[in-house]
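Colleague: Before I rely on the labels attached to this structure, I should like to see how each one was reached.

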Amino acid sequence: VSGHVWAIMGFPNIGIVVGATGTLVVDTGLGPRNGGTVARVAKKLAPNNELYLTTTHFHPEHAAGASGFPPGTILIRDRVQQEEMDAHGQEMIDLFAGRNEQQKELLANVKLRPPDETFDKEKKLDLGGGVTARLLWYGGAHTKGDELTFVEPDKTLISGDVVQNKVTPNIFRQGGTPASWIAVLDQVEKLGARHVLPDHSAIGNGSLVAQEKSFILDLQRQALQLKRQGVSAEDAGKRLTAEFQKMYPGWAIHDLTNFVKNIYTE
């Protein structure tokens, strides 16, 4: 991805940040077996480094593989994300395990380990050799506890679901709101990222941040216009899905109704 950042591309994309003395892994993969694979790759990149782990949010493909990492791995999360994990982590594991036999097998007997450290808004992690990972919580977007990782000196953003590459935004249950997502992106823009590693789409450059924000603002503006005209949220969602599929070619746009409903509610 950049000078000090590697990626395993999959479901989700995993970020690995390597300094002179420490390695930070961002996300685990689905279940302990995948977590173990990720940990082995991280150790192969830097065999003698201390190993750190963080997660972008509490969903199982991002966080349920923590127990596959070796003893001594230091797990760090933002406080809000951990609260979501405590409240709904096992529920989400059960949900994902019920989807198919493969996921059931991968998530069998998962144990959610507590973090070694939590933070409120920012944790700076010195990985040695001038490499610093800033773990950031700016507010709710896809979930309440979405965490971003910004790597210096690379100016690489590991963005979770907050910034994707032409994938429509999705607020999961009682996550953030359209306005809070925009407010998060306002803060992310100030970082001046040169490289972006999303979790469910292709690697891109810093322009992905403005692209994400522009899409949400456009959707918000048009949805509110339809609301003022008395169009129901359901009908507005269907209409805007069709219109945005034409307006944004190349985007993975399937159904904007959920996001439109969140705009109406807010």
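The exchange below takes up several labels in turn.

Modeller: This is a predicted model, in which local features need pLDDT of at least 70, side-chain atom pairs count only at pLDDT 80 or more, and totals for chains, interfaces and linings use all residues. Residues are numbered from 1 along each chain as its sequence is written, and side-chain values use heavy atoms, with hydrogens and water left out.

Colleague: How do you know that the span of helix H5 agrees with its number of residues?

Modeller: Helices are DSSP runs of H or I of at least four residues, and strands are runs of E of at least two, numbered from the N terminus. The expected span is 1.5 Å times one less than the number of residues. For the 14 residues of H5 (residues 178-191) this gives 20 Å, and the end C-alpha atoms are 21 Å apart, so the two agree.

Colleague: Which residues of H5 are buried, and what makes them line one face?

Modeller: Buried means under 20% relative accessible area, exposed over 50%, and partly exposed in between (1.4 Å probe, protein chains only). In H5 the buried residues are Pro178, Trp181, Ile182, Val184, Leu185, Val188 and Leu191. Seen down the axis of H5, they fall within an arc of 160°, taken from the directions from the axis to the C-beta atoms, and therefore line one face of the helix.

Colleague: Why is Asp27 called buried, and why is Lys166 called partly exposed?

Modeller: Asp27 has 1% relative accessibility and therefore counts as buried. Lys166, at 33%, counts as partly exposed. Asp27 has a positive phi of about 85°, and phi of Lys166 is near 60°.
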